[in-house]
Each structure stands twice: as structure tokens, then as C-alpha cells.
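Reader: I would like to go through this structure step by step, with the reasoning behind each answer set out. Please begin once the sequence and the structure are in view.

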Amino acid sequence: MPNIYNSYSHYNNECSVHGVFDNFLKMRKDTAVEKPISSGIPAVDYSINRIPIIGKYIKAYNSSSQAGAALAQGMNAYHESCLASNKK
């Protein structure tokens, strides 16, 4: 049985602005967040978003989901950079 507590992480342990930002970019790529309101067809999404009343609310709802995901990814990047390096 493999030891899961000493596993290799592909995130760096550099506790600096550059290290945290580098981990943030890696996490954005690894954990993509889909839009909660989407038809799955880009042409339909584009035409629905062009309707002023409906499009404004769909964009706001999708943006709030993306902002929450970015916040969580930033917190995880800081944890991997600064706090995980102290445990080794």
C-alpha cells in the first residue's frame, strides 16, 4: 500500500509572491470550473446573452461562480506554497 502522506506534489514550496502565483496558475489549469448556467452550445449561449435582460443576470451568476472558484484556488495556492513547506 503506498504511503499517501509523503507523496510528491507538483506544486512548488516557495513561499513568495512568485511561488504563490505560480501555484495559482497551475491550480487554475488543473481545476477548471464550468459555468453553472450554460446550454453547452456556444452559439446558443451567445445569442441568449445578447438579450439585455436575461444576459445580464446570466453573466452575473456565472461571474460569481468563477470568482468564488478563483478565491478558493488562491487560498489553496497559498496553503501549498507556504504552509505545506513548513511541514516537511
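Reader: Among contacts in the protein chain between residues at least 6 apart in sequence, what percentage join residues at least 24 apart?
Author: The model is a predicted one, and a contact here means heavy atoms within 4.5 Å. Among the contacts between residues at least 6 apart in sequence, the share joining residues at least 24 apart is 67%.

Reader: In what order do the elements of the protein chain run from the N terminus on?
Author: The protein chain has three helices and zero strands, and so helices alone can appear in the order, given that elements are DSSP runs numbered from the N terminus. Read from the N terminus on, the order is α-α-α.

Reader: Which residue does the disulfide join to Cys-15?
Author: The structure holds one disulfide, and its S to S distance is 2.1 Å, where the cut-off for such a pair is 2.5 Å. The pair links distant parts of the chain, 67 residues apart, with Cys-15 lying in the segment before α1 (17-30) and its partner in helix α3. With 95° about the S-S bond, the link is right-handed, and the residue joined to Cys-15 is Cys-82.

Reader: Is Cys-82 buried or exposed?
Author: The relative accessible area of Cys-82 is 6%, and buried means under 20%. Because 6% falls under that cut-off, Cys-82 counts as buried.

Reader: What is the distance from the backbone oxygen of Gly-19 to a polar atom of the side chain of Ser-81?
Author: Ser-81 has its place in helix α3 (residues 52-86), and it counts as buried because its relative accessibility is 0%. Leaving aside residues up to four places away in sequence, Ser-81 touches Asn-12, Asn-13, Glu-14, Cys-15, Gly-19, Val-20 and Asn-23. For Gly-19, the backbone oxygen lies from a polar atom of the Ser-81 side chain at a distance of 3.5 Å.

Reader: Which helix gives the most to the lining of the second largest pocket?
Author: The second largest pocket has a volume of about 200 Å³, and its lining includes Lys-35, Ile-37, Asp-45, Ile-48, Ile-58 and Gln-66. Both α2 (42-49) and α3 supply at least two residues of this lining. The helix that gives the most, with five residues, is α3.

Reader: What share of the exposed area of the protein chain do carbon and sulfur atoms supply?
Author: Of the 88 residues in the protein chain, buried residues make up 18%. The chain exposes about 6900 Å², and the part of this area supplied by carbon and sulfur atoms is 63%.

How values were computed:
Residues numbered from 1 in each chain as written. Predicted model: local features only at pLDDT ≥ 70, side-chain atom pairs only at ≥ 80, totals over all residues. Heavy atoms only, no water. Helix = DSSP H or I, 4+ residues; strand = E, 2+ residues; numbered from the N terminus. Buried < 20%, exposed > 50% of the residue type's maximum accessible area, 1.4 Å probe, protein only. Areas by Shrake-Rupley, 256 points an atom, 1.4 Å probe, with all protein chains shown as cover. Polar contact = N/O pair within 3.5 Å; in protein donor to acceptor, adjacent residues only side chain to side chain. 1 Å grid on protein atoms, 1.4 Å probe; cavity = no way out; pocket = protein on both sides within 12 Å on 5 of 7 lines; lining within 4 Å. Points joined across faces, edges and corners; volume = space filled by probe spheres on them.
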